[in-house]
Amino acid sequence: MSAGKDKETEIIMRDGWIRVGASTPAVVVADPAANTEKILEEIAVMSQEKCRIMVFPELAVTAYTCGDLFAQTELLDEAERQLLRIARETESCDALIFAGFPLRTGGKLYNTAAVLNHGRILGFVPKKYLPNYNEFYEARQFTKAPDSVRMIRWHGQEIPFGTDLLFACSSVPDLVVAAEICEDLWAPDSPDIHHALAGASVLVNLSASNELIGKYEYRRSLVATRSASLVSAYIYCSSGTGESTQDLVFGGHRMIAENGTMLAESERFLNPDESSHTITEIDVSRLATERRKMTTFPGACDTPEGKRYLTVPFDLALSETPLSRTYDPHPFVPSDPAVRARRCEEILNIQTLGLVKRLSHIHAGHVVLGISGGLDSTLALLVCVRAFDRLKLPRKNILAVTMPCFGTTNRTYTNACSLVRETGAELREINIEKAVRRHFSDIGQDPEVHDAAYENSQARERTQILMDLANQNGGIVIGTGDLSESALGWATYNGDHMSMYGVNATIPKTLVRYLIDWYAGSQSSRALEKTLRDILDTPVSPELLPPTQNGTISQKTEDLVGPYELHDFFLYYLLRAGFAPHKIRKIACLTFQGRYDEETIDKWLHVFCRRFFSQQFKRSCMPDGPKVGSVALSPRGDLRMPSDASAAAWLKDLDR
């Protein structure tokens, strides 16, 4: 391998993406030579596409529907000649290839996956569970897999034969592949479970699954769910319409799933003479990260499976490949409107029930919150309204306080007042300008110097008022800050950073908008909806600096700290996926291409990394709040991070 290739391999090893393909060739029943031609054609095409794992259907060399012709020596002899041809003609192919093949050994016939790499046959993986019910009669022709791996002599080669085989890539340690065949997936004690426990990160299934009414949905659910429960990638490849239609029809269903997400899926029912393939990239490093985090996912060395499996090494000289898979620019927000609506209702229910339990436990019949006319305080008020309705408490017991000062604009003030009136909560206005100016005088702060003390004095004055009002009313202060602000530390310590229960603590800013939008469209009156729509159209701002001469907001948060859609994207892939900064940068540049240039992404990713580390001290003492999603920053649960941790390694990785 050249020095240039070494560098490319290092890039892929660090990033963990592997391009994989599943192919359904146009087979001719009982004609291994014709089938091999189609298999080799598909290998050539997928090689051009830089696929590094290629999966073909069950018994692809002969076709699955040969029936009792599998007892014919001529068919089996020809199949062997053609498998040797595939090995010979793929010597220069840089891929791990799985092809269905009928193997004669020990006086029996086995339905196997032949595994090839650089012209070598690395192993034969036999089918463990032979269906012999309904339309299937495999036990008539084949023998089930033996209980343990053994070496067999096949055409002058010593080759591993057995179900318990792992194929481990020497250049990508996280890439460990194992195979099963069709019915194995449907069985209660599926081999893929043992494969994953033994360390396989990628599971392949060579299948011949016929089409029946309703079977497609079940099969799809099975693959997606199995990839999730085993924290793995799953490549499923089934036979197509070229198979015999004497009694059955095969649709050529192909799926590539990763940890519960269906990355790519084929159309079914193509013409019998059409070969087709499905290609995408899987991320084995992300799977490895997920498994390391899960205390319930055992290490391969700690399981009986890990001790009995035989590991077969293979090599890939991987090069940098452009990603074909896409990443959602808003990973916290479902893109499907119907799914998003269900998710919004579920999230609001979690927030509501969290507050209901807290109020019930402390026997509090009142809450106090600051209302600014912005997104976060709006969502918090809506949650309070739902909670009080559940508790059958009067909404007037919700004390919503607007506290205008130097930066308050007429638009946000009007919206805040309208919102409270329309929800039926109690509105109180306390202008804090005099109190803050008195405080400036006490501490010697020049009101013309708009520094951190100028801004934070306002936030702390507001928090003091809310806390004291809660004491007066026998209630608690409801925090309004969201997940995105917490990640960036965009809150005043012991100001809006503090409350007695933070209902928005795990809601990212990009999701806050959709929650309010859903509420406006489904839960509100026309008057309330109008106010909510205007709040959604208002720029995000702390309103701590005086407005412009024409009375509009002068201090826009996203101009100062960066676009929240970028920061939420960075946060998700840092914490949920465990990506390194350079990998986040790579997918961000692809995802937001045409929207943000690379310099902009670099700028705000640097800001995110610096702030995420430097602001941990605020998160270390954040109030209680309900967890609603897979990313949360509570120091009692999801992020136990030291406040004095250095960001140097992350910034160095990004700069490199």
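# A walk from N494 to helix α18

Start by selecting N494, which counts as partly exposed at 44% relative accessibility. This is a predicted model, so keep that in mind as you click along. N494 sits in the loop that runs between α14 (483-488) and β20 (501-502). Check its backbone while you're there: phi is positive, at about 60°, even though the residue is not a glycine.

**The sheet that ends in β20**

From that loop, follow the chain into β20. What is the strand order of the open sheet that contains β20? Reading across, you get β18-β17-β16-β19-β20: five strands with parallel pairing. The two edges are β18 (426-429) and β20, each of which has a pairing partner on one side only.

Now zoom in on β16 (367-370) and β19 (476-479). These two strands run parallel and are joined by two bridges. Pick V367 and look for its bridge partner in β19: that's I476.

Next, switch on the helices that lie over this sheet. Select 410-423 to bring up α11, which lies across β17 (398-402) and β18 and runs at about 150° to β18. Then select 452-473 for α13. This helix lies across β16, β17, β18 and β19, and its direction makes about 160° with β16.

**The seven-stranded sheet**

Time to hop to another sheet. Color the strands in the order β13-β12-β11-β10-β9-β8-β15, and you have an open sheet of seven with mixed pairing. At its edges, select 261-265 for β13 and 310-314 for β15; each pairs on one side only. Look along the sheet and you can follow the twist, which averages 25° from one strand to the next.

Inside this sheet, select 202-207 and 233-238. Those are β10 and β11, paired in the parallel sense over six bridges. Which residue of β11 is the bridge partner of L203? Click Y234 and you've found it. With β11 still lit, add residues 215-229: helix α6 packs on the sheet here, touching β11, β12 (254-258) and β13. The direction of α6 makes about 30° with that of β12.

Before leaving, go to the C-terminal end of β9 (176-181). The loop between this strand and α4 (183-186) holds C182. Like N494, C182 has a positive phi without being a glycine; here the value is about 40°. Is C182 buried or exposed? It's buried, because its relative accessible area is 7%, and the cut-off for buried is under 20%.

**Salt bridges**

Show the charged side chains next. Side chains of opposite charge can pair when their charged atoms come close. The count for this model comes to 39 salt bridges, so here are a few stops, with 4 Å as the cut-off between nitrogen and oxygen.

Select K38 and E41: their side chains form a salt bridge at 3.9 Å, N to O. Both belong to helix α2 (32-48), and because they are three residues apart, about one helical turn separates them. E41 is partly exposed at 42%, and K38 is also partly exposed, at 28%.

Move on to R153 and E158, a salt bridge whose closest N and O atoms are 3.3 Å apart. R153 counts as exposed at 58% relative accessibility, while E158, at 47%, is partly exposed.

Then try R533 with D517, where N and O come to 2.2 Å. R533 is in α16 (526-537) and D517 in α15 (509-522), so this pair ties together parts 16 residues apart in sequence. R533 is partly exposed at 28%, and D517 is partly exposed at 34%. For a group rather than a pair, select D376, D482, E485 and K509: shared partners join their salt bridges into one network.

**Last stop: two helices crossing**

Two packed helices are described by the angle between their axes and the distance between the axes. Show 284-293 (α7) and 564-576 (α18): their axes come within 10 Å and cross at roughly 60°. That angle makes α7 oblique to α18. For the contact itself, select R286, E290 and K293 on α7, then Y572, Y573, L575 and R576 on α18. How do the contact residues divide by type? Three are nonpolar and four charged, with no polar ones in the set.

Technical notes. Residues numbered from 1 in each chain as written. Predicted model: local features only at pLDDT ≥ 70, side-chain atom pairs only at ≥ 80, totals over all residues. Heavy atoms only, no water. Axes fitted to C-alpha atoms, helices over the stretch in contact; angles between N-to-C directions. Helix = DSSP H or I, 4+ residues; strand = E, 2+ residues; numbered from the N terminus. Parallel < 35°, antiparallel > 145°, perpendicular 65-115°, else oblique. Contact = heavy atoms within 4.5 Å. Nonpolar A, V, L, I, M, F, W, Y, C, P; charged D, E, K, R; others polar. Pairing = 2+ DSSP bridges. Buried < 20%, exposed > 50% of the residue type's maximum accessible area, 1.4 Å probe, protein only.
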